[in-house]
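User: I would like to learn how to read the features of a model such as this one. Could you take me through it step by step, with the general idea before each case?

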Amino acid sequence: MKPPRKGAITKALAILMESINEENGSQLAYEHTAALDSASLETLAGVDNALGIANSCISQVINSLIADIRYRRNRAALIHQLPAEVFTTIVTCLTDDYAPKEGERHMLDLMVVSRRWRDIILNSPELWTNIRSDHPAKFVKLITERSKAHPLSLAWDTSRSPDLDSNNEGFKSMLELVTRNSLRLRSMEITVGCGSQQTLRRLLDCPKPRLESLYVNLYLTEVDDIATRRFMLSEGGPLKKLVLDSAGLLDWDSSRLSGLRVLNLRKPASIPSINQILLILSTSPLLTQLKLCEFDSPAGTPSAQTEQTGGEQLIELPHLKTISIRDLPPSYCTSILSRILPRFCDYVDVLENEDNSANTMPWEELWRERSDTMVALLQLSKLSDPNLAENSILSIRVTDCQVMIKNAPQPESYSSTLWFEHTDAHHALEVLGEFFGGIDFKIPSLSLRLERAPTWKHKQLDLHQWSCSLEILHVDGIHMARAVCKLLEHQSLLEDGTMSWSCPRLSIISLFYIYDLNVDERTEMDDGMALLLAVQKRWSGENGIPAAIQPKQFWVWCRDGIFTSIQSRAEAIRLIVPSFQMIQP
């Protein structure tokens with residue numbers, strides 16, 4: 001686009017100068033630069049001032065015109081053609097999920113994008129509902145005004161800034177605004193540290209009848225008054241979410257705890273009884289997440305509390321997706337898990353209290369008598385469906401003090417994990433064998449890892465309960481490796497009268513002799529021959545005995561110079577089982 005001709009510019013300036021003379025009663029004139037050579041200083045000053053005024057007026061009009069034109073052009077963009085209610089919904093999601101964490105005024109940033117965005121945001125009360133402790137008091141006041149009657153969400157974090165609980169007037173004004181509008185609070189997230197006890201009490205004690213979500217995380221020292229950590233729920237409707245970390249309720253029987261969707265308690269300052277937890281669960285059929293961690297022993301005995309709740313009726317929780325129970329007293333943990341019946345859980349993580357020193361396995365009753373609950377916790381019913389079980393594997397790991405069971409698709413994920421403590425690895429494996437042998441369907445694919453434990457010594461390895469499912473076997477230590485050699489050459493009689501190899505689907509075998517350094521040379525000399533004979537009997541097909549299916553991987557781990565009898569027979573074994581490897585780390 002070409003610029004205007006100079007003559008047109010001169011005419012425009014002449015018109016502007018004439019208007020300036022009329023407005024100011026002057027007789028200034030502008031023709032061209034050469035005409036100003038004979039003008040007096042006073043005339044030059046007047047012309048200079050007049051042209052400055054003209055330039056300012058022209059720039060103002062032109063800029064306004066350009067802005068108006070651009071506004072009309074931008075309004076044609078797709079983002080600006082969204083209905084106001086759709087745009088408001090998008091901004092609401094942005095506010096809830098992607099708002100900056102450290103005090104940036106994201107709403108103010110959005111308002112400067114365009115005139116339409118500004119108008120919509122200013123006239124949408126639902127967008128002015130989130131209050132943060134790092135907001136200035138003036139901004140909090142603006143939020144409370146513009147939100148009108150809409151419910152408010154509060155995120156209060158003074159754990160990193162204890163000075164916020166000082167006597168500064170801005171903080172006082174902000175706290176006063178929050179407590180004054182507490183009747184409108186729908187969600188509260190409170191994280192406070194030392195020195196914030198007074199603020200904590202005001203926030204927890206103010207009436208909150210519309211509250212649906214409560215999160216309290218306290219970073220207080222041990223010397224802080226325990227009463228500071230405990231509080232009562234105000235009167236109101238049922239909560240949907242309760243998360244307490246180092247805090248506790250004084251009224252675990254409150255009617256507001258019925259209908260929860262999320263229950264997450266860690267180191268509660270007041271321990272709910274087993275009865276109280278069961279009552280909460282029984283009145284929360286829509287519960288999706290249950291997390292109970294680091295409890296001390298609750299008051300009362302499990303038997304007395306169970307009797308009060310009306311017997312052993314199971315609590316069905318069909319929507320429960322996440323279970324995490326860690327470091328609870330064994331009786332507490334078992335009492336709760338034995339009473340709930342979830343349908344399908346996406347994540348299960350149960351770990352008993354490490355201080356358990358009982359000589360019996362607290363979980364034994366649960367595995368033996370509540371098989372339906374354990375099937376649900378481990379999502380085992382999914383494995384009975386060929387379509388769901390195709391890419392899944394059940395992994396069991398038994399150590400000298402723990403059992404970990406994981407039901408996860410391949411590659412491994414942490415979708416369902418169950419941990420528990422024990423004092424006898426051999427007995428724990430027997431209990432699990434009875435459980436898996438007693439369910440009414442077969443596990444399609446099973447991985448078993450047995451790590452070194454004193455109780456394995458001189459014990460026979462009995463895997464007949466899950467023989468049809470075992471595909472992966474990993475054992476640590478010479479005693480378990482020797483037991484596997486005996487297992488490999490064992491056959492059993494089937495119901496149809498035919499003979500079958502023990503664990504006929506076994507395809508991956510790992511024997512770790514590596515952890516045994518002090519080995520008796522006399523017994524070590526027998527290990528190589530025992531392994532070779534087991535391999536010959538199972539996989540050679542000699543003497544008219546049908547060979548078992550060849551393993552995809554057969555690894556034996558041992559240190560160089562130790563277990564030479566196995567190393568000397570490695571080639572002979574590899575001729576029968578090509579996947580056999582000796583690995584010397």
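Analyst: In this predicted model, 45% of the 585 residues of the protein count as buried. The protein has 21 helices and 23 strands, and among contacts between residues at least 6 apart in sequence, 68% join residues at least 24 apart.

User: How should I read a single helix, and what span should helix α7 have for its 12 residues?

Analyst: The general idea is that an α-helix has 3.6 residues a turn, so residues three or four places apart point the same way. As for length, helix α7 covers residues 169-180, and at 1.5 Å a residue its 12 residues should span 16 Å, which agrees with the 16 Å between its end C-alpha atoms.

User: Which residues of α7 are buried, and what covers them?

Analyst: The buried residues of α7 are Phe-171, Met-174, Leu-175, Leu-177, Val-178 and Thr-179. Their cover includes two strands, β1 (130-132) and β2 (152-157), together with the helices α6 (137-146) and α8 (197-205).

User: How do I describe the packing of two helices, and at what angle do α6 and α7 cross?

Analyst: Two packed helices are described by the angle between their axes and the distance between the axes. For α6 and α7, the axes come within 9 Å and cross at roughly 15°. Angles under 35 degrees count as roughly parallel, which makes α6 roughly parallel to α7. The crossing of the two is left-handed, and the contact is made by Ala-137, Val-140 and Lys-141 on the α6 side and by Gly-170, Ser-173, Met-174 and Leu-177 on the α7 side. By class, these residues divide into 4 nonpolar, 2 polar and 1 charged.

User: Which way is the crossing of α10 and α12, left-handed or right-handed?

Analyst: It helps to take the angle before the hand. The axes of helix α10 (residues 274-282) and helix α12 (residues 330-337) come within 10 Å and cross at roughly 25°, so α10 is roughly parallel to α12. The crossing of α10 and α12 is right-handed. In this contact, Ile-274, Ile-277, Leu-278 and Leu-281 of α10 meet Ser-331, Tyr-332, Ser-335 and Ile-336 of α12, a set with 6 nonpolar, 2 polar and no charged residues.

User: Turning to single residues, does Val-398 count as buried or exposed, and what does Val-398 touch?

Analyst: A residue counts as buried when its relative accessible area is under 20%. Val-398 lies in strand β14 (residues 392-398), and because its relative accessibility is 0%, Val-398 counts as buried. Leaving aside residues up to four places away in sequence, Val-398 touches Val-403, His-422, Ala-425, Leu-429, Arg-449, Leu-450, Glu-451 and Trp-456. One of these, Glu-451, is 53 residues from Val-398 in sequence, yet their C-alpha atoms are 6.1 Å apart in space.

User: Where are Ser-507 and Asp-327 found, and how does each count by accessibility?

Analyst: Ser-507 is in the loop between β20 (499-501) and β21 (508-512), and at 12% relative accessibility Ser-507 counts as buried. Beyond residues up to four places away in sequence, Ser-507 touches Glu-471, Pro-551, Lys-552 and Gln-553. Asp-327 also belongs to a loop, between β11 (322-326) and α12, but at 25% relative accessibility Asp-327 counts as partly exposed. In sequence Asp-327 and Glu-294 are 33 residues apart, while in space they are 4.7 Å apart, C-alpha to C-alpha.

Definitions and conventions: Residues are numbered from 1 along each chain as its sequence is written. This is a predicted model: local features need pLDDT of at least 70, side-chain atom pairs count only at pLDDT 80 or more; totals for chains, interfaces and linings use all residues. Side-chain values use heavy atoms; hydrogens and water are left out. Helices (H or I, at least four residues) and strands (E, at least two) are DSSP runs, numbered from the N terminus. The expected span of a helix is 1.5 Å times one less than its number of residues. Buried means under 20% relative accessible area, exposed over 50%, partly exposed in between (1.4 Å probe, protein chains only). Contact means heavy atoms within 4.5 Å. Axes are lines fitted to C-alpha atoms, for helices over the stretch in contact, and angles run from 0 to 180 degrees between N-to-C directions. Angles under 35 degrees count as roughly parallel, over 145 as roughly antiparallel, 65 to 115 as roughly perpendicular and the rest as oblique. A crossing is left-handed if the near helix is turned anticlockwise from the far one by less than a right angle, and right-handed if clockwise. Ala, Val, Leu, Ile, Met, Phe, Trp, Tyr, Cys and Pro count as nonpolar, Asp, Glu, Lys and Arg as charged, and the others, Gly among them, as polar.
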